[in-house]
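Here's a quick walk through one model, taken a piece at a time. Keep the viewer open while you read.

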Amino acid sequence: MKNLKWFFPDTLSEVDKLLEDGYKAHGGGTFLVKTSLNAKGLFDLSRIAELKEFRGTDDSFILGSALSYTEAAGFLESKLPGNLLSAALSSAAACPLRNRITLGGSIYASPKWSDIIGPLFAAEASLRLSSKVEPVSVADYHSDKKIRQSGIITEVIIPKANIDGSYYRFTQTHFDYPFFTISASDRGGDILHCCLTGSKDGPMLLTGRRADLNKTSSSLPEFSRERGLSGEYIRNRAGIELQRLIKLTGGNNNG
Ligand SMILES: Cc1cc2nc3c(=O)[nH]c(=O)nc-3n(C[C@H](O)[C@H](O)[C@H](O)COP(=O)(O)OP(=O)(O)OC[C@H]3O[C@@H](n4cnc5c(N)ncnc54)[C@H](O)[C@@H]3O)c2cc1C
């Protein structure tokens, strides 16, 4: 195996130069292990103090991108018990992996089975990047390669009002990769903001009145055949689980 050059920056100001020189960020390393061992070298983000911080403002939670799923879920759960994002992060993969997987690495890699992308789409979260002053929406970051390659993610900004809600991941065993996930952000009233992941079309936002969303469940996008389950089965199952989640989310608002 090729020898990798490693860097351990202590400050964010060192990062842009490392990127410019062709080195790659290392978050938890759980995706890099499979995909990027041919990189010229890596710089680890865990020593940059500001990337490990979390804080609340009047209207948002702000999470450093080098926080692990476990750390982020713990912080959010302590501030807003039962929120959909901490439910998602604490059910992903298995405990040793959740202790390694970082927010920034996951949002950049954004695998089809991600447990973080759906909740962030549903909550209309945004990201601060090392290369830009203004935050960008997670949806824009996800769809625009130029933005993704412009710098590293430094912060994840989550509107407090948007993470009440519910989360569902469809797996065959508890620590399996999900075939699909559904996140439902409940901001009061009859409108729900949902996100379905796992289909051939990538993350899909479904926003509307509960009664209308219930009808959408019969016209979801296509899924690929996977691990012994047909695409049609997975799609039908997603429709049923979407209806269930709509019913579960928001107590008295259910029609
Ligand atoms: C067996 C297994 C099961 C898994 N199951 C699940 C699951 O059920 N649910 C789930 O959500 N995830 C799961 N994962 C994790 C997922 O597949 C990815 O490996 C993970 O999300 C990557 O995060 P990381 O911090 O390890 O990123 P890394 O591997 O460190 O990096 C991934 C990519 O992101 C870049 N990067 C790292 N940090 C940043 C940053 N701050 N800004 C910009 N780019 C950055 C890297 O350069 C690299 O290109 C699983 C992983 C494994 C190995």
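Two residues are in contact here if their C-beta atoms, placed from the backbone, lie within 7 Å. One caveat before going on: this is a predicted model.

## Overall layout

The protein splits into domain 1 (5–44), domain 2 (49–161) and domain 3 (164–253). Measuring over C-alpha atoms, the centres of domain 1 and domain 3 are 35 Å apart.

## The parallel sheet

Let's start with the open sheet built from 3 strands, ordered β1-β3-β2 and paired in parallel. The edge positions go to β1 and β2 (24–26); each has a single partner strand, so one side of each is left without a neighbour in the sheet. On average, neighbouring strands of this sheet are turned by 30 degrees against each other, if you ignore direction.

Zooming in on one pairing, 3 bridges link β1 to β3 (residues 41–44) in the parallel sense. Trp-6 has Leu-42 in β3 as its bridge partner.

## Around Pro-9

Pro-9 sits in the loop that connects β1 (5–7) with α1 (15–20). Is this residue buried, exposed or partly exposed? Pro-9 has 16 C-beta neighbours inside 10 Å, so it counts as partly exposed; the buried label would take 20 or more, and the exposed one 12 or fewer.

Which residues does Pro-9 touch, once its neighbours within four places in sequence are set aside? The contacts are Glu-14, Val-15, Leu-18, Phe-43, Arg-47 and Ile-48. Take Phe-43: it is 34 residues away from Pro-9 along the chain, yet their C-alpha atoms are separated by 7.0 Å.

## The ligand shell

How many residues surround the ligand? There are 32, and the closest are Gly-27, Gly-28, Gly-104, Gly-105 and Ser-106. Sorted by class, the shell has 17 nonpolar, 12 polar and 3 charged residues.

As for where the shell comes from, domain 1 (5–44) and domain 2 (49–161) each contribute at least three residues. In terms of elements, β2 and α6 (103–109) each supply at least two. The top contributor is α6, which gives 5 residues to the shell.

## The antiparallel sheet

Now for the other sheet: 4 strands make an open, antiparallel arrangement in the order β9-β10-β11-β12. Here β9 (165–170) and β12 (204–209) stand at the edges with a single partner strand each, which means one side of each has no neighbour in the sheet. From one strand to the next, the twist averages 15 degrees.

In the middle of that order, β10 (residues 180–186) and β11 (residues 191–197) pair antiparallel over 6 bridges, and Ile-182 has Leu-196 in β11 as its bridge partner. Helix α11 (residues 231–248) packs on this sheet and touches β9, β10 and β11. The helix direction makes about 25 degrees with that of β10.

## The β11–β12 hairpin

On the other side of β11, 6 bridges join this strand to β12, again running antiparallel. Cys-195 stands opposite Leu-205 in β12. The two strands, β11 and β12, form a hairpin with 6 residues between them. If you're checking backbone torsions, look at Gly-198 in the turn: it has a positive phi of about 105 degrees.

Key: Residues numbered from 1 in each chain as written. Predicted model: local features only at pLDDT ≥ 70, side-chain atom pairs only at ≥ 80, totals over all residues. Domains from an automatic or database assignment. Pairing = 2+ DSSP bridges. Axes fitted to C-alpha atoms, helices over the stretch in contact; angles between N-to-C directions. Near = placed C-beta within 6 Å. Nonpolar A, V, L, I, M, F, W, Y, C, P; charged D, E, K, R; others polar.
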